[in-house]
Each structure stands twice: as structure tokens, then as C-alpha cells.
Amino acid sequence: MQPSRTALLALLVVPFLGAGLTPLVYRVLGERTAYYAAAVAAVCLGLVGSLYGTTGTVVVPWIPSYGVSLALYVDGLALLVGTLASGVGVLVFAYSGGYMHGEPGQAKYYATLLAFMGSMLGVAFAADLIALFVFWELTSVSSFLLIGHYQDADASLYAARKSMLVTVSGGLFMLVGFLVLHDAAGAALGEATFRLAGEGSMLANADAMVAELRTRGLLVPVLALVGLGAATKSAQVPFHIWLPNAMEAPTPVSAFLHSATMVKAGVYLVGRFRPLLFTDEWLVLFAALGLATMTVTAILAVAASDIKELLAYSTASHLGLIVAGFGLSGVLGAETGAFHILNHALFKAALFLVAGIVAHEAGTRAIDDLGGLYRDLPVTAAVTVVAALGMAGLPPFNGFYSKELLFHAAWEVATEAVAGGGSPLWWLIPAVAVFGSVFTFLYSIRFLMLFFGEKPEALGEVHSPPVAMTAPAALLGALALAVGLGGVTATAGVHLAPVEAFVGSVVDGTVVAAGDHGGHGNFSYHLPTKVTPYLLMSALTVGVGAAAYPSFDRIRDGVRAVRAVDPLRPNWYYDGTVHGLDRSAAIDIVQTGQLRTYVVALSLVTAALTLGAYAAAGTGLPALVAAGLEPALVVVLLVAVVGAVAVGAAPSHIAGVLTLSIVGFMVAIFYILASAPDLALTQLVVETLVLVIFLLVLDKLPAFYGSIPRLRALRDGLVALAVGATVTVTVLLSTAATPEDVIAAYFVENAPVPAEHGPVFVDAGGGGNIVNVILVDFRAFDTLGEISVVAMAALSVVTLVAMRERGEVR
Amino acid sequence: MTQVLLAVVLGLLFALGTFLVLRTDVVRVVWGVTLMSQAANVYLVTMGGLTGGAPVLEGGHGGETGAVTDPLVQALVLTAIVIGFGTTAFALVLTYRVHEEHGTIDLGEVRAE
């Protein structure tokens, strides 16, 4: 069924409109703006819900001359990400109502969060590479603003900059990849298009695209470029470094952006491109990337000392699991990725909300200081049991099923490859999957143990949290539990149909059309009923994890010791590079903060490039024609030059302004001589006005003239001469070479009004002046732009003057 | 010869404008920018050719236009003059604001604060 155009467009408009209105709403509602924002998110959730079950493309032309359109595409994968963005959004906004109580900058906070939600919905539904890129970068920008929410804290600023640098530079690599794809589409599809999904798109012609890329030798570069975009956004090793720092943001932001949605943009991209680019190279690249991330960040999570840091590393680890799933071949790989996106969002968003409650009520986030919280926070403890065990991958909680799918996919890929004569190295895939999962189990249990055991003496009284904070966490926990129990009932024959159908539709969107065998949309999950190698892998994970847990502290100290080695830390490289660039001497030479430095550089470079281009093109100066000097013109121009020299040498501001208007009036007379009466009139009016304004302003300014040292005057004179010489040469060359077919000829030839119209057009309508007709009819938009510029200048002037008078100094 | 004269004059105007923009006095910087935009306008009109009458139809309907100067560059320059006016006014108020904020219009001192 075709999606509704109105609903789709509204979905993109509503959040941004809501964001724009937030400052006004905040003035009226104050802190209750949280519920307004939640309502906006709920509207979006409703709109996403109305699209459920539809598939197809909606196209709105954007830049038709470049073939860029705002094409929106709906399928299972888009709906999943859209549901997460708006659904988790509702809960996070409601939760913020409690969490952000008394915090600064709330209007900005809610506006940015809403804009983020809109961008994320845009990423999910974009069917066009350009639109996808724009929304993608918008999520990076809003993430930057939200991480840096506490503008006074250095740690926030550091974290915000880091996330911006990593994700935006990754996005630029992705853009290059998109351009390569666009180019390849020109050969593969017959026309160069940016359309990713829908009819006549890259996805619809995946085989032709891959064949074309392969012949050009660009397949691996494209994979690497798109992979870089996904890896930076989804915090894959070694770009995971920004995610733990991003925890400086308020906890609701961490739950929303840095676990449930924004970081999912990367895995969404991988899932979206999977049907297009799935090849053996894809398998190796993304399976390796995903498994490496999953393992390395799981180990780092064990070493964490702060609960949000633990969750951040754990998020990176689970994103690695999803990427690995999408990297592995077959329906199983797609099912792993699709199902784990959902499961991870449910349990991890819940855990972040739990972390927020703990930090808020216990007053600390240090893992070593917390314990035995279940007595004070019973509801929160229950949510944590469900979510943390899901994260650990224990049956019957939701994470178990998707992890089991990963083991299954990894096992299948390895056995198939080895049976086909591949090297035994393929066994690394299942082996690493199990190894990484052991650490996942360890830190999950560690997080759970915050709520059990002895309550440390130092931990003071723990308050009970407001309902606005527990309810969203409980709801997410309940959903996670329901998904988990669905597997149990499915074993008995009662399937949780909505979830299975939904995940099935997501799988359809990510499955490779030709290469994958097995039915589409028939996703179902249940507890294992017989002993299989992959069930044994799960058992091994849990067994080793449980055996290792008593020595958790020793493992943690060991990891910390390894982590302390500088060359092993990506952060060490990041800090070294950024610091090096920041402090290098070149900055002080290039960025002096002085206008003159920039003007000199700009003028000299422009002059050199222009003259160099003339020389390179072998252009010679035109021959001089020794005739036709009009005496009036000579006089006018000479007076103008004398006036300009006088401006340069003016002893006072008043003298300078007066001589400047001599130049202006001479230019007006020049226009008369050049047969341009309209210009002369305009110039006279403007020149008079400018003189008046200059005098009005000069009245308020001090008599500062600044002496010019001789050396500096000489240097500036040389720069000025270079510019002047360039202009002279350019004028000589350009006036000598007039093109054959000038646009103006068209206007002049067609200007006369046909005889049958009679004199009324010219006499009554004033259509005799070609310049006027061009301005008001043919180039009316230019004139509109001109009026807007003047209006904006006037507004700015009023603002600059009035703000000062109202006492707003900065 | 007209072209050569114009080329030299425009070169001089641009040179003087550049020299003024390089000063530390903000007012002079504004002058420099104004001077250069005047010169750029003159350059554009010169590009359209100086021979020919004004691009206005002679007295009414069906009349021949004859040889006229380029109306298109005139339309462009007309827009440019008005926009130049807007930006000059804005630059002047910025100058005024710089004086109010820093108590000086010496760019060297503004930076030192």
C-alpha cells in the first residue's frame, strides 16, 4: 500500500515547527514545556503509526535542475527507526519533566531535542542520498548542542567538540561515497541519480550498481567511505571514543540520542545499504568491524568506573553486534541486526533512565559507591533486572533471542566458508562473538549488582523518584519483558504476532533480494527446543561469565592496566592531534584577528591567481586604438581619481566623506555619459543619502585618524598596486572581448511593443524603458532580493542601535 | 583609448580602495569598501559598451530601438547600487557600535582587548 503523502510530510514538518515554537511555549508553560514536547512527539508517533503497513516512495521536487528531490521512502526499516525516534521521544520528554527540574537553558534544550527528533525522522524516511546526508548532519549538529548543554563545564565543551569532529568528518567521507555512487548510477541505471530507494533507484538495481562499481574498481572504496560514515556515527572501534564523553549531556539526552536513536543512524545506514552493496568484501569488512567493536568496547565497559560510562561502552558494544549481524550473510544476519535494533533500544533506553534515576536520587554515579539500592528503589530495581538480564543475553529476556541469532548466523557463515574450502580463520567469527559476549555478561551483571548486596555506609539517604521519571523506565522495561516473554509463549505455539510481523518487515528491508534464501517476512523467534551448536555457544558464554564474575575486580584492574598504555588508546591520538593543531605556531601567523592580515592575503592570492590564469591561458593585451576620447569623459574620470586620492589623504573624517561624495557624484555623471539615465538617478539619490548618514554617524565618533608608519604605508601601497594592476589588466581584457550573442540583444530586439497593441502599453504602462521592464518583470525576483537586503539592513541597524539603548551590552 | 583610460582609472580606484581597507581606522575601511563598490559598478557598465543611446524606446508604440547600450548590465548595476547603500549604512552603524563597545575605532586596539 502506498504511504500517505500528507502524513509523511507532516512527520517532517511537525517536529521542526514544534521546535520553532518552543521558546514561545516556554514563556507560557515554563517547566511544563516537557509535556508540550512529549505531545509533539506523540503526534509524530501517531503519524508513524498511521504509516504502518505501507511501502513506497513519495517525491517532492527540490532542486530539479540537479535532479535533487526530497524523496521519502517507507518500509519496515524506516518505520522501525521512526518508531524509536518518536516513541522513545515521548518517554524521554516526559522523563525530562522530572529530570530537568530547575536546570538552566530549558527552552533551548527542548527546542534542540525536538529538532533532533525531526532530523532523525528525516534520516529514517529519506529515500534520496542528498536528503539523507542533510538530515544526517543535522542530527550531528543537534547532538553537539545537547552534549554541550552545560556551557560552563569544560568537560561538556570538550565532549561536544569531540563528538562533532568525529561524527561530522565521518559524514563528509560518507558524502564522498554518495557522490561516487551517484556517478556510478549514471552508468549503471542510465541516468545519474541520487535516489536510493523506490522505483528506478540504486536499491532497485543493486546488481547493476555492484557490477559497475566492481569494473571501476570502486567497490571497496565506496564500502570504506560509507562504512566510515556509519562507524563514526555508531561509535565503532576506533571511533568509539566520542560516545563515553558524550555522557556529559543530561541523562535523558544520553538515553535518547546516544543509545536509542542517533547512534542507530549508523547501523541504519549499514542496514539500508546492505541490499545494495552486499558482497564478500562487505561481509569481511562489516563482520570484522562489528565483532571488533563488540569485543573491545565490552572489555572497556568492564573497566568503567561510572554507570553512564559503563552504559556508553555497552551501547557501542551492542551497536557492534548489530553491525556484525548486518555484516554476516543470509536472512539470519538481517534478522540479527533488525531484531537487535529493537531489543537494544528497549533495554538500553530503560537502563539509561535507570542510571538517571540512580544519579538523581543517590547523588552519585560512581560504581564503587553504589550498592543495595533495591530497598530504596524497588520499581527501578525490577526494571533493571529485566533490562540488564536482557543485555546479558540470558533467556528468556529479549536480548537472548537476538544474540542467539548472531551466534547462529556466525556459525552458519563459518561452517559454510570452511566447507567451501575457506581457511580455518573463519572460525574466528563465532569464537570472537562468544569471547565478546562473555564480557557483555560480566558488565551486565555488575550493573545489576548495583541494586543488590550490601548498601555502602557512605551512601546517604536515597529519595524515591517522581512518577514522571519511573513511569517511562517502567514502560520500557515492560515492553522489553513482553518481547522476551513472547519467545516463551511462542515455544508453546502462541506467537507475539505484532512484534514478529514488525521485525519481519524490517528484515524485508535489509535482506539481499537475490542472494538470500529463505522466506521473507516470516520472522519468528522462540526458545530453543533442541541442542544446537549455537545454543552451546550461549551456554558457554553464560558459563564462563558466571565462573569469571567472582574475580570481576581483578579482571577490571587488568583491563585498566592495559587501557592506561597510551599508544593503545585512540583518545591519545585524538588529543595529540587536536592539541597539536590548536597550539601550533602556524595558527598565530594565519589567524591574527586583524582585518588587514586577511585582506592582504585575500588580495594577493586573488591577484596572483587572476594574473596567473591570464598567463597560463596565453592571453595577450589587445591592441590600442588611438581614437575616440570624449573630452567630457576624460574630465569626469580625472576628477573622480583626484577625489579618490583626496579620500586617501584626507586629514579628517569630514574631509574624507566630502571628497568621497565627489567621487560618487562623478560616477553619477559618468552614468549619464554612458547613456544610463536610471543609474544616474539612483546614484544621485543614494549618494546624497549616504552623505547624510555618514555625517550623522561621524558626529558620534571620535576624531581618530591613526598615523601611518612609512614602512607599513609602503607595504600597503605595494599590495594596493598589485590589486590595481590586476583590475586594469582585467578591464582591458574583458572589454576587448565582447561575446557574439549577448543576452541583452534579445531584450533590445523584442522591446518594441507590437503595433496592434497601440500606444497604451508604452504611454500608460511606462513600458518604454527597457531597464525598468527588466527590473520589475523579467528579473523581478532579483528586485525582491534587493528589497529584502535593504529591509534586513534597516532591521539590523535598528536592532544594533536600540539594543544598546535598552542596556543589552553584549 | 576610452577603454585604456577607463582601465587605468578603475585600477587606480581599486588600488586606493585597497589601501584604505588596510588602515586601522574603521571609518576608512568603510570608505575603502564604498570606493571599491563604486568602481565595480563602473566596471560593469563599461562592460556593456559606452556607445549607443539610452535603452528607452523612442516616443511610443512600434518604434525602432536603434543602437542602445546594454540594458542588462544597467539593471544589474541598479540593483547593486541599492544593495551597496544598504551595506554601507549597516557598516556605518557597526562602526558606531564598535565605538560604543570599545571606546575606540582603532582596529589595533579593539583586538588588544
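Select A:Leu84, A:Val88, A:Gly89, A:Val92, A:Tyr95, A:Ser96 and A:Tyr99 in helix α3 of chain A. Now add A:Thr251, A:Pro252, A:Ala255, A:Phe256 and A:Ala260 in α10 of chain A, which meet them. The residues of this contact divide into 9 nonpolar, 3 polar and no charged. Keep in mind that you are looking at a predicted model.

Next, show the two helices whole. Helix α3 of chain A covers residues 76-99, and helix α10 of chain A covers residues 251-260. Two packed helices are described by the angle between their axes and the distance between the axes. Here the angle is about 165 degrees, and the axes lie 8 Å apart. Angles over 145 degrees count as roughly antiparallel, so α3(A) and α10(A) are roughly antiparallel to each other. Their crossing is right-handed.

Stay in chain A and go to the loop between α8 (219-233) and α9 (242-245). Two residues are worth selecting here.

- Pick A:Ala235, which lies in this loop. Its phi is near 55 degrees, a positive value in a residue other than glycine. Is A:Ala235 buried or exposed? A residue counts as buried if 20 or more other C-beta atoms lie within 10 Å of its own. A:Ala235 has 28 within that distance, so it is buried.
- Pick A:Pro238, also placed in the loop between α8 and α9 of chain A. The peptide bond leading from A:Val237 to A:Pro238 is cis, with omega near 0 degrees.

Move on to A:Pro396. Where is it found? It sits in the loop between α15 (378-392) and α16 (398-419) of chain A. Select A:Pro395 with it: the peptide bond from A:Pro395 to A:Pro396 is cis, and omega is near 0 degrees.

Now jump to A:Ser675. This residue is in the loop between α26 (653-673) and α27 (677-698) of chain A. A:Ser675 is not a glycine, yet its phi is positive, at about 60 degrees. With 23 other C-beta atoms within 10 Å, A:Ser675 is buried.

Last stop: display chain B beside chain A. How many residues does each chain bring to the contact? Chain A brings 99 residues and chain B brings 81. Select helix α28 of chain A, residues 710-736. This helix gives the most to the side of chain A that touches chain B, with 15 residues. Colour that side of chain A by class: 65 residues are nonpolar, 24 polar and 10 charged.

How values were computed
Residues numbered from 1 in each chain as written. Chains lettered and ligands numbered in written order. Predicted model: local features only at pLDDT ≥ 70, side-chain atom pairs only at ≥ 80, totals over all residues. Axes fitted to C-alpha atoms, helices over the stretch in contact; angles between N-to-C directions. Helix = DSSP H or I, 4+ residues; strand = E, 2+ residues; numbered from the N terminus. Parallel < 35°, antiparallel > 145°, perpendicular 65-115°, else oblique. Left-handed = near helix turned anticlockwise from the far one by under 90°. Contact = placed C-beta atoms within 7 Å. Nonpolar A, V, L, I, M, F, W, Y, C, P; charged D, E, K, R; others polar. Buried ≥ 20, exposed ≤ 12 C-beta atoms within 10 Å, placed from the backbone.
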